[in-house]
Amino acid sequence: MPHADFSNFALGISKQDAYRQMHEAMRSLAEAQDNWVCNLANASSLLWHMYHSLGSPSSSVNWAGFYVVDQMDRRQLILGPFHGKVACQTITIGKGACGKVAEEGKTLLLTDIKEFPKHIACDGDSKSEIVTPIKVGTEVVAVIDIDCADLQGFDTTDQDGLERLAEILRDCCDWEDLLPPVSPIAPY
Ligand code: SME
C-alpha cells in the first residue's frame, strides 16, 4: 500500500484500537529502516493523524513530537522531528516537563500544565501534556512529547500507548550516536 495510507485512521475507532493500529504501522514502516531521524519523523506523523482522527480531547492535540539527547552537549535535549507549531530548540536536562522525564526516565502525565511549575510553555495554547522517555537500557536517548489545547487531554490509555510506542522505537532504531561514548578499556 502507498506509505501515506499508514496515516489513515478509521473514524469512530476507540483510542486503544487507534494506538494498536499506530503501533502496527510503526513496526511496518521500520521493518527495513533503523535511522532514528526517519523513524521519529514518521512516528510524529502517525501520532498527529491518529489524535486528529479521534474525538475530543485527543483531537485538540496541538503538538506531537520528540526531543532527543543533544550529541554536542549531553546536558541538554534538542528538538527532534515533530508535527505542530515551531517549538523550543533546546531544553536543559532537569528543566521543564521534557527535561524532568529525561532526568528521571519515567512518564509524566500533566492533566493541567499549570500544576507543574517547571513547565516550559512553547505554545500558549497548550493546557495539558504527556511526556514519555525512550530508554536504551537505563539511558534516556529521547522523549516523546504530546501537548493538548484542552485540559485533561491524556489518560492512562495514552500513557500505555506511548510507553508501548517508546519500546517499539527503542527496538527499531539505531541509537548509537545518542548513547554516551564508550570509554576505552584501560590496558593492563
Ligand atoms: N512543555 C515542554 C516544552 C516542549 S513543548 O511543549 C513542545 C516542557 O515543559 O518541557
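Okay, one definition before we start: when I say helix, I mean a DSSP run of H or I with at least four residues, and helices are numbered from the N terminus. With that in hand, here's a small detail to open on: just after H3, Gly 105 takes a positive phi of about 75°. And keep in mind that what's on screen is a predicted model.

Right, the sheet. We've got an open sheet of 6 strands, and going across, the order is E3-E2-E1-E6-E5-E4, with antiparallel pairing. Strand E3, residues 90-92, and strand E4, residues 108-110, sit at the edges, so to speak, each pairing on one side only. On average, neighbouring strands in this sheet are turned by 25° against each other, ignoring direction.

Let's walk along one side of it. Strand E1 covers residues 61-69 and strand E2 covers 76-84, and the two pair in the antiparallel sense over 6 bridges. They make a hairpin, with 6 residues between them. If you want landmarks, Tyr 67 is opposite Leu 79 in E2, and Trp 63 is opposite Gly 84 in E2. Carry on to the next pair: E2 and E3 are antiparallel too, over 3 bridges, and they form a hairpin with 5 residues in between. There, Gln 76 has Thr 92 in E3 as its bridge partner.

Now back to H3, which is residues 96-104. This helix packs on the sheet and touches E1, E2, E3, E4, strand E5 (128-136) and strand E6 (139-148). The direction of H3 makes about 30° with that of E5. Which residues of H3 are buried? They're Gly 96, Ala 97, Cys 98, Gly 99, Val 101 and Ala 102. The cover over those buried residues includes E1, E2, E3, E4, E5 and E6.

Next, helix H4, residues 156-172. H4 lies across E1, E4, E5 and E6, and runs at about 30° to E5. Quick sanity check on the geometry: 17 residues at 1.5 Å a residue should span 24 Å, and the end C-alpha atoms of H4 are 24 Å apart, so that agrees.

The buried residues of H4 are Asp 158, Gly 161, Leu 162, Leu 165, Ala 166, Ile 168, Leu 169 and Cys 172. Because they cover an arc of only 165° around the axis, they end up on the same side of H4. Flip to the face turned away from that buried side and you find the exposed residues Thr 156, Asp 160 and Asp 171. So what covers the buried residues of H4? The list includes helix H1 (15-29), helix H2 (36-53), E1, E5 and E6. At the N-terminal end of H4, Asp 155 acts as the cap, with a side-chain oxygen 3.0 Å from the backbone nitrogen of Thr 157.

Last stop, Val 136, which is in strand E5. Is Val 136 buried or partly exposed? The cut-off for buried is under 20% relative accessible area, and Val 136 comes in at 25% relative accessibility, so it counts as partly exposed. Leaving out residues up to four places away in sequence, Val 136 touches Val 141, Arg 170, Trp 175 and Leu 179. And remember Asp 171, from the exposed face of H4? Val 136 and Asp 171 are 35 residues apart in sequence, and their C-alpha atoms are 8.6 Å apart in space.

That's my tour, thanks.

Key. Residues numbered from 1 in each chain as written. Predicted model: local features only at pLDDT ≥ 70, side-chain atom pairs only at ≥ 80, totals over all residues. Heavy atoms only, no water. Pairing = 2+ DSSP bridges. Axes fitted to C-alpha atoms, helices over the stretch in contact; angles between N-to-C directions. Contact = heavy atoms within 4.5 Å. Expected span 1.5 Å × (residues − 1). Buried < 20%, exposed > 50% of the residue type's maximum accessible area, 1.4 Å probe, protein only. Arc of directions from axis to C-beta. Polar contact = N/O pair within 3.5 Å; in protein donor to acceptor, adjacent residues only side chain to side chain.
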